[in-house]
2 protein chains.
Amino acid sequence: MARSGPKLTRIARTLGVSAATVSNALSGKGRVSAEMVEKIRATATELGYVPSQAGRALRTGRTGVLGLVLPDIANPLFPQIAQAIELAASSSGYGVLIADSRGDVSTQTKAIERLIDRDVDGLVIVPRRGTRIADVGCPVAVIDTPSTPGNTVAADHWGGGRQIAEHLKALGHCRVLIIGNNPASNVQNDRAGGIRSVFGEGYHTDTLWIEPLEKLAGKGCPLGLADKVAEGYTAFACISDLHALRALTELQRAGINVPERASVTGFDDLIWSPVITPALTTARMDMTEIAAIAVAALVKAISERDPSDPAIGAPVTAETSKVPMHLVIRQSAAAPPAFQPVHTTATAATSVTEGGHQP
Amino acid sequence: MARSGPKLTRIARTLGVSAATVSNALSGKGRVSAEMVEKIRATATELGYVPSQAGRALRTGRTGVLGLVLPDIANPLFPQIAQAIELAASSSGYGVLIADSRGDVSTQTKAIERLIDRDVDGLVIVPRRGTRIADVGCPVAVIDTPSTPGNTVAADHWGGGRQIAEHLKALGHCRVLIIGNNPASNVQNDRAGGIRSVFGEGYHTDTLWIEPLEKLAGKGCPLGLADKVAEGYTAFACISDLHALRALTELQRAGINVPERASVTGFDDLIWSPVITPALTTARMDMTEIAAIAVAALVKAISERDPSDPAIGAPVTAETSKVPMHLVIRQSAAAPPAFQPVHTTATAATSVTEGGHQP
DNA sequence: ATCGGCTGATTAATCGTTTAATCATGCGAT
DNA sequence: ATCGCATGATTAAACGATTAATCAGCCGAT
């Protein structure tokens with residue numbers, strides 16, 4: 001845009017020095033006397049000097065912009081992620097360019113290309129369900145899950161699953177149903193795996209994947225949770241707060257009180273989780289931390305990189321690649337009903353009290 | 001970034017012409033013979049030429065980047081907005097730089113400055129609760145609500161309110177409680193106003209603002225909706241699906257079936273609305289349309305602008321500034337109970353019916 | 001034959017910053 | 001006195017695209 005502000009030469013002229021000296025003083029690179037540096041700094045701030053990114057970019061080959069690729073932008077986590085990344089990036093002096101790829105893989109590739117064409121210095125990618133990131137021409141930070149090869153940094157989803165499960169176990173639950181969306185997602189698998197790993201001998205878990213179910217029964221179909229309660233399940237450990245919400249409302253609608261008759265837990269601490277009734281017990285990622293690590297790794301890779309090299313785009317690595325999740329205990333999970341159904345078949349179905357439910 | 005691709009001069013050298021000719025041919029500006037244009041186009045695509053934004057920006061003063069400012073980034077609408085703006089912008093050849101301002105007004109100002117410093121060509125701002133946008137140095141498109149002075153384009157929130165209200169009225173509701181967050185928001189006020197305008201003589205509406213209530217009773221406090229039902233309210237028209245969700249779960253938890261005993265409606269058709277039970281009846285904005293108009297207006301203003309002028313930043317205007325909302329009818333709103341409770345105290349709590357409900 | 005006008009291309013300057021190379025100067029050591 | 005050296009600053013060349021100004025032909029008209 002029309003840089004209304006003063007340029008380097010303006011400052012130089014004001015002080016009667018050369019532009020190079022000003023540049024050196026401001027960047028602290030060349031040899032400039034301390035007093036000169038002081039004077040230049042002063043007039044620079046006084047005049048409100050802001051360096052032209054365009055000029056700098058042209059010369060250095062660095063734009064100071066990172067690209068953020070969220071393949072599944074409808075994801076309710078998006079605000080959290082975008083906010084965290086933007087904060088981390090701007091703290092490091094970077095801007096964030098977003099690209100959307102409406103779930104589609106080919107659109108994702110095109111979106112990435114658009115960012116590359118805009119000369120981003122690096123890319124933060126939250127891949128869609130185990131998508132392998134093609135070799136792009138710049139450093140890439142991948143935020144997926146620690147078990148994914150090529151992952152840069154992510155929440156400890158497995159550990160989060162364990163925390164949720166430990167909580168449910170301590171409350172006395174023995175039969176828990178895990179509810180996820182799609183087993184092809186690494187994140188979802190890790191969360192589910194973490195949960196399962198806690199319930200060993202004498203416990204029972206099963207997993208309900210929504211997407212395959214909806215393929216048959218249609219979008220937004222009932223999950224049949226009242227039947228599951230009748231079968232003796234006392235807890236529903238959902239892989240995302242979105243599923244938890246779906247489960248919770250379905251149970252409530254069927255007249256099954258949460259958490260008295262059935263417990264529900266989620267993941268991610270999404271926006272609505274604290275304000276619904278009962279408020280959701282969930283496991284939260286430390287997005288701020290994750291974003292900070294991802295951006296730091298990216299910035300390091302960028303600064304170490306020779307701007308004119310053959311440009312390989314392997315994912316960057318960070319010192320810490322696994323950030324613990326935090327258990328947020330609210331009201332949606334409690335001890336199971338005192339009269340605990342046997343671990344066998346469904347005779348408990350009779351005890352379904354009032355409340356309409358249609359399969 | 002290291003532009004690995006070929007530069008203008010590379011193409012020029014390949015064809016034995018000057019760089020200027022190549023530039024002219026590609027932009028269609030100077031005088032170049034038709035056949036030359038053809039040849040240049042061909043080799044350009046063949047070599048995979050992508051112009052350097054930095055070089056172009058430096059010369060033209062245009063970066064081809066728009067800034068998107070979402071003052072309340074935690075807003076669950078964010079994905080919709082960001083997606084729509086990004087789509088519209090990239091269709092016009094623009095990139096989208098995001099800036100967050102965690103609700104804080106001073107942070108918002110700083111965020112805008114950061115974008116300006118990065119030489120964005122224009123700004124799309126979804127202002128926080130009636131914030132007045134200070135004069136920035138570039139064209140600005142404001143997406144708020146049609147009644148706000150300086151608004152560029154927005155959904156017809158008032159009209160959306162009317163649609164919701166007409167729907168409830170047609171179903172037979174006479175006493176409806178409007179639930180909003182904060183009356184300082186122009187959007188919320190318009191939605192509420194639209195609803196009220198439909199219920200005239202013989203009807204009753206009241207409004208519950210959550211934020212003031214939470215100031216007293218704490219975050220996530222109960223809204224006391226069971227009492228409202230006892231008072232004879234049969235419908236809860238929420239200003240956002242987030243509030244609708246809160247209302248719905250609170251009612252369900254109190255054993256009040258939705259929609260048999262009380263109807264609940266929302267706004268925005270947020271991610272969870274179709275999948276909860278009962279699915280939410282709501283009014284949706286046409287974000288794609290709104291974004292398209294906003295970006296088009298911005299692009300027009302940018303192209304008409306002299307990049308070196310004194311740069312005033314008054315909001316741009318569009319031909320259409322009001323985009324109709326769409327009513328999405330699902331299951332959360334139905335006819336009120338036949339036996340309408342008297343407008344007095346709470347004895348109705350006993351008459352919990354039972355049984356399924358099929359629309 | 002010369003000039004004017006048109007076409008299609010080239011030259012060269014410019015945007016603002018960085019940075020390698022160069023230069024002037026003063027000072028201590030031989 | 002001179003050489004070497006460190007210091008503090010300047011020069012000038014890039015980066016890649018755009019664009020005003022210029023130029024070489026060529027054709028038709030005076």
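In chain A, take the contacts between residues with a separation of 6 or more: 72% of them join residues 24 or more positions apart. This is a predicted model, and that applies to everything I say here. Chain A is built from 12 helices and 12 strands. It has 359 residues, and 53% of them count as buried. The exposed area of chain A is about 14,800 Å², with carbon and sulfur atoms supplying 54% of that.

Now to DNA strand D. Which residues are closest to the strand? Of the 25 residues that surround DNA strand D, the closest are Thr21(A), Arg31(A), Ser33(A), Leu8(B) and Arg59(B). By class, that surface has 10 nonpolar, 9 polar and 6 charged residues.

On the DNA side, look at the atoms of strand D within 4 Å of the protein. Sugar or phosphate accounts for 57% of those atoms, and bases for the rest.

Some individual contacts. On chain B, a polar backbone atom of Leu8(B) sits 2.5 Å from a phosphate oxygen of DNA strand D. Lys7(B) uses its side chain: one of its N or O atoms is 3.3 Å from a phosphate oxygen of the strand. On chain A, Arg59(A) has a backbone N or O atom 3.2 Å from a base oxygen of DNA strand D.

As for elements, those giving two or more residues to the surface near DNA strand D are α2 (19-27) and α4 (53-60) of chain A, plus α2 (19-27) and α4 (53-60) of chain B. The largest share, 5 residues, comes from α4(B).

Definitions and conventions. Residues are numbered from 1 along each chain as its sequence is written. Chains are lettered from A and ligands numbered from 1 in the order in which they are written. This is a predicted model: local features need pLDDT of at least 70, side-chain atom pairs count only at pLDDT 80 or more; totals for chains, interfaces and linings use all residues. Side-chain values use heavy atoms; hydrogens and water are left out. A residue is near a molecule or strand if one of its heavy atoms lies within 4 Å of it. A polar contact is a pair of N or O atoms within 3.5 Å; within protein, one must be able to donate a hydrogen and the other to accept it, and residues adjacent in sequence count only if both atoms are side-chain atoms. Helices (H or I, at least four residues) and strands (E, at least two) are DSSP runs, numbered from the N terminus. Ala, Val, Leu, Ile, Met, Phe, Trp, Tyr, Cys and Pro count as nonpolar, Asp, Glu, Lys and Arg as charged, and the others, Gly among them, as polar. Buried means under 20% relative accessible area, exposed over 50%, partly exposed in between (1.4 Å probe, protein chains only). Contact means heavy atoms within 4.5 Å. Accessible areas come from the Shrake-Rupley method with a 1.4 Å probe; for residues, only the protein chains shown count as cover.
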